[in-house]
Amino acid sequence: MAFCNRFGSLLRHSISQSSASKGQGSMGALLNSIRYMSSSKLFVGGLSYGTNDQSLKDAFASFGDVIEARVITDRDTGRSRGFGFVNFDSEECASSALSAMDGQELNGRNIRVSYANDRAPGPRGGGGYGGGGGYRGDGGYGGGNGGY
């Protein structure tokens with residue numbers, strides 16, 4: 001799978017370079033569709049706050065072997081963020097689960113199911129707290145010479 005992702009990435013990059021010079025933009029969308037069709041990881045959105053890992057796994061278990069089901073929670077409050085991921089052992093199981101479960105009700109909410117997007121490599125944005133401040137080694141915290 002890693003080889004396929006890497007190959008797809010290289011193929012997309014080379015096509016996007018040639019498409020940019022020709023003005024074609026739809027090729028990237030086509031390649032993304034092909035890549036997501038061969039995935040065994042599903043994104044599940046619209047989950048109720050009462051849904052946990054086990055109930056999510058139980059809801060999808062009838063479609064095949066669920067390797068992992070995870071509801072994403074807020075790191076500060078521990079409360080569900082309303083979405084999660086389900087990993088199947090095969091692409092076929094994931095495909096049938098997507099077709100059957102998208103738009104269905106789970107714990108009182110209609111859920112949205114789609115193929116999960118791979119997270120872009122590299123650093124991600126921080127928590128929104130700016131940098132700055134702190135000890136600078138020049139005799140003070142906030143600037144100036146601190147009367148030294």
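A polar contact is a pair of N or O atoms within 3.5 Å; within protein, one of the two must be able to donate a hydrogen and the other to accept it. In this predicted model, such a contact is found at the start of helix α3, where Asn52 caps the N-terminal end: one of its side-chain oxygens lies 3.2 Å from the backbone nitrogen of Gln54.

The sheet against which this helix rests may be described next. It is an open sheet of 4 strands, in the order β2-β3-β1-β6, with antiparallel pairing. Strands β2 (66-73) and β6 (112-115) occupy the edges; each has a single partner strand, so one side of each is left without a neighbour in the sheet. On average, neighbouring strands of the sheet are turned by 20° against each other, direction ignored.

At one edge, β2 runs antiparallel to β3 (residues 80-88), and 6 bridges join the two strands. Within this pair, Arg70 stands opposite Phe85 of β3, and Val71 stands opposite Gly84 of β3. In a regular strand the side chains alternate between the two faces of the sheet. The hairpin formed by β2 and β3 has 6 residues between the strands, and in this hairpin Gly78 adopts a positive phi near 80°.

Two helices pack on the sheet. Helix α3 (residues 53-60) touches β1 (41-45), β2, β3 and β6, and its direction makes about 135° with that of β2. Helix α4 (residues 91-101) touches β1, β3 and β6, and its direction makes about 150° with that of β6.

Which residues of α3 are buried? They are Leu56, Ala59 and Phe60. These residues cover an arc of only 90° around the axis, which puts them on the same side of α3. The elements against which the buried residues of α3 pack are β1, β2, β3 and β6, together with helix α4 and strand β4 (105-106).

Helix α4 has buried residues of its own, namely Cys93, Ala94, Ala97, Leu98 and Met101. Viewed down the axis of α4, these buried residues fall within an arc of 135°, so they line one face of the helix. Their cover includes β1, β3 and β6 as well as helix α3. On the face of α4 turned away from this buried side are the exposed residues Glu92 and Ser99. After α4 comes Gly103, whose phi is positive, near 90°.

Terms used: Residues are numbered from 1 along each chain as its sequence is written. This is a predicted model: local features need pLDDT of at least 70, side-chain atom pairs count only at pLDDT 80 or more; totals for chains, interfaces and linings use all residues. Side-chain values use heavy atoms; hydrogens and water are left out. Two strands pair if DSSP finds at least two bridges between them. Axes are lines fitted to C-alpha atoms, for helices over the stretch in contact, and angles run from 0 to 180 degrees between N-to-C directions. Contact means heavy atoms within 4.5 Å. Buried means under 20% relative accessible area, exposed over 50%, partly exposed in between (1.4 Å probe, protein chains only). The arc is that of the directions from the helix axis to the C-beta atoms.
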